[in-house]
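Work through the exercises below with the sequence and the model open. Each task is followed by its solution.

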Amino acid sequence: MEGGIRLENTVPARLSAHEGKKFALTVGAAFLVLAGVAWRRDHLRVAGGLAALGGLLAIAGVLIPGQLGPAYRAWMGFAHLLSRITTPIFLAATYYLAFFPTGMLMRLFARNPMVRKPVDGSYWVDRPDGAGRRSDLERQF
């Protein structure tokens with residue numbers, strides 16, 4: 001894959017029993033919840049399929065959690081594909097619904113936060129004595 005994250009470098013080849021159990025029970029529970037929603041909306045075939053998938057995954061997480069590496073890699077591959085689709089949509093929506101209107105309003109009212117007013121003929125900002133020492137830059141957090 002050009003310019004992206006290579007999935008085989010980020011997803012481990014083998015899962016520990018704890019990681020496999022955590023993955024299987026979490027995703028299995030999510031499928032069971034989706035099955036409940038589908039059943040509530042009278043989509044019985046979809047609900048049956050989701051419940052079977054969720055139950056199978058949950059049972060596998062209890063019985064053979066260390067053997068779920070291929071399922072985990074497939075799930076993460078799907079998640080990566082989904083993120084490649086949804087991220088540009090989310091960022092475009094954020095830009096066009098938040099940043100673009102804010103910028104237009106700022107232009108309309110001639111507001112520019114980058115322009116500073118000079119104080120005593122200078123744009124320098126006076127700092128109190130002792131502020132801005134080099135040691136302040138070390139261990140910032």
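Helices are DSSP runs of H or I with at least four residues, strands are runs of E with at least two, and both are numbered from the N terminus. This is a predicted model, in which local features need pLDDT (the predictor's confidence in each residue, from 0 to 100) of at least 70, side-chain atom pairs count only at pLDDT 80 or more, and totals for chains, interfaces and linings use all residues. Residues are numbered from 1 along each chain as its sequence is written, and side-chain values use heavy atoms, with hydrogens and water left out.

**Exercise 1.** State which element has the highest mean pLDDT and check its length.

Step 1. The protein chain has 4 helices and 0 strands.
Step 2. Helix H3 has the highest mean pLDDT, 95, and helix H1 (residues 7-10) the lowest, 57.
Step 3. The expected span is 1.5 Å times one less than the number of residues. For the 20 residues of H3 this should give 28 Å, and the end C-alpha atoms are 28 Å apart, so the two agree.

**Exercise 2.** Find the buried residues of H3 and an element that covers them.

Step 1. Buried means under 20% relative accessible area, exposed over 50%, and partly exposed in between (1.4 Å probe, protein chains only).
Step 2. In H3, the buried residues are Ala-47, Leu-50, Gly-54, Leu-57, Ala-58, Ala-60 and Gly-61.
Step 3. H2 is included in what covers these residues.

**Exercise 3.** Classify Leu-25 as buried, partly exposed or exposed.

Step 1. Leu-25 lies in helix H2, residues 17-40.
Step 2. Its relative accessibility is 35%, so Leu-25 counts as partly exposed.

Terms used. Contact means heavy atoms within 4.5 Å.
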